[in-house]
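Open your viewer and settle in for a short walk through a protein chain. At each stop you will get something to select and a note on what is there.

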Amino acid sequence: MSNLNGAYYGPSIPPPSKSYHRHGRGSSCNPCSCLFGCLCNCIFQIIFTILIVLGVIALVLWLVLRPNKVNFYVTDATLTQFDYSTTNNTLYYDLALNMTIRNPNKRIGIYYDSIEARGMYQGQRFASQNLERFYQGHKNTSYLHPVFKGQNLVLLGDREKTNYNNEKNLGIYEMEMKLYMRIRLKIGWIKTHKIKPKIECDFKVPLESSGRSVNFEVARCHLDW
């Protein structure tokens, strides 16, 4: 092969590629957007941590205290008068009740700061009485003795009057008593804020003057917030 003076006759060599850098694009972040995202993330983590801590505290308190429901009962009732006058829509009554309150909790005491007992007949209140305040200790049974005696205006409709006459003939009346209370719980040296539960008790009571020998059936009350 003859000398070709160093010339190259092979395939053409492509020119080197040029790279361009565009400012303001790519993975760069706007400072305001980054700050807002970090702030939201921190707030979320703080709230999540607080919820976890509160949940653990609630679980520990429940495991330690093991709270049980306080039970209310109407154990006895004496009705010596229950007369309704359709002339002036007045109810004349004399009703005495015996109640028990059982606190089964080992570590929770209860302050009964106020108790209002209301006598109800067919949805109408006919009497009320404020009972004495007291403190109930752990695993303790307390006793209440509401007494309703007097007369009061009670407006009964035709159906309620018919029910009253039927119960008068039977000598047994269906009644209801409600307790409106303000209580505080005592857990060790801690006292909670006031709670306002409402207790409802439905019971049947015979009129003593009816001459019927009917035993009173113990009524268990229920909580109605």
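The tour below goes from the overall fold to a surface patch, then to the salt bridges and the pockets. Please keep in mind that this is a predicted model.

**Stop 1: the whole chain**

Begin with a cartoon view coloured by secondary structure. You should find two helices and twelve strands in the protein chain. If you trace the chain along the sequence, the pattern reads α-β-β-β-β-β-β-β-α-β-β-β-β-β. Now switch on the surface: of the 225 residues, 30% count as buried.

**Stop 2: a nonpolar patch**

Select Leu39, Ile43, Ile46, Ile47, Ile50, Leu51 and Leu54, and show their side chains. Together these residues make a nonpolar surface patch of about 670 Å². Click on isoleucine 50, one of the patch residues; isoleucine 50 sits in helix H1, which covers residues 31-65. Is isoleucine 50 buried, exposed or partly exposed? Its relative accessibility is 45%, so isoleucine 50 counts as partly exposed.

**Stop 3: the salt bridges**

How many salt bridges does the structure hold? There are seven, and three of them make good stops.

Select aspartate 113 and arginine 184 first. They form a salt bridge whose closest N and O atoms are 2.7 Å apart. This pair ties together distant parts of the chain, with aspartate 113 in strand E3, arginine 184 in strand E8, and their positions 71 residues apart. Try the surface view here too: aspartate 113 has a relative accessible area of 10%, and because buried means under 20%, aspartate 113 is buried. Then add Arg133 to your selection, and you have a network of salt bridges linking Asp113, Arg133 and Arg184.

Next, move to arginine 159 and glutamate 160. Their side chains meet in a salt bridge at 3.9 Å, N to O. Arginine 159 has a relative accessibility of 64%, and since exposed means over 50%, arginine 159 counts as exposed.

The third pair to pick is lysine 204 and glutamate 174. In this salt bridge the closest N and O atoms lie 3.7 Å apart. Here again distant parts of the chain are linked: lysine 204 belongs to strand E10 and glutamate 174 to strand E8, 30 residues apart. Glutamate 174 counts as partly exposed, at 45% relative accessibility. Keep this pair on screen for the last stop.

**Stop 4: the largest pocket**

Which residues are closest to the centre of the largest pocket? Select Lys69, Val70, Phe72, Ile183 and Leu223 to see them; they are among the 21 residues that line this pocket. The space inside comes to about 410 Å³. Colour strands E1 (71-85), E3 (108-121), E8 (172-187) and E12 (222-223), as each supplies at least two residues of the lining. By residue type, the lining of the largest pocket divides into 15 nonpolar, four polar and two charged residues.

**Stop 5: the second largest pocket**

Finish with Ile172, Glu174, Phe203, Lys204 and Glu217. These residues lie nearest the centre of the second largest pocket, which is lined by 14 residues. Strands E8 and E10 (198-206) are the elements that give two or more residues to this lining. The volume of the second largest pocket is about 230 Å³, and its lining is made up of eight nonpolar, one polar and five charged residues. Glu174 and Lys204, in this lining, are the salt-bridge pair you kept from Stop 3.

Conventions. Residues are numbered from 1 along each chain as its sequence is written. This is a predicted model: local features need pLDDT of at least 70, side-chain atom pairs count only at pLDDT 80 or more; totals for chains, interfaces and linings use all residues. Side-chain values use heavy atoms; hydrogens and water are left out. On a 1 Å grid over the protein atoms alone, a cavity is a set of points where a 1.4 Å probe fits but cannot get out, and a pocket is an open set with protein on both sides within 12 Å along at least five of seven lines; lining residues have an atom within 4 Å of a point. Grid points are joined across faces, edges and corners, and a volume is the space filled by probe spheres set on the points. Helices (H or I, at least four residues) and strands (E, at least two) are DSSP runs, numbered from the N terminus. Ala, Val, Leu, Ile, Met, Phe, Trp, Tyr, Cys and Pro count as nonpolar, Asp, Glu, Lys and Arg as charged, and the others, Gly among them, as polar. A salt bridge is a side-chain nitrogen of Lys or Arg within 4 Å of a carboxyl oxygen of Asp or Glu. Buried means under 20% relative accessible area, exposed over 50%, partly exposed in between (1.4 Å probe, protein chains only). Patches are made of residues with over 30% relative accessible area and no salt bridge: like charges are joined within 9 Å, nonpolar side chains (Val, Leu, Ile, Met, Phe, Trp, Tyr) within 5 Å. Accessible areas come from the Shrake-Rupley method with a 1.4 Å probe; for residues, only the protein chains shown count as cover.
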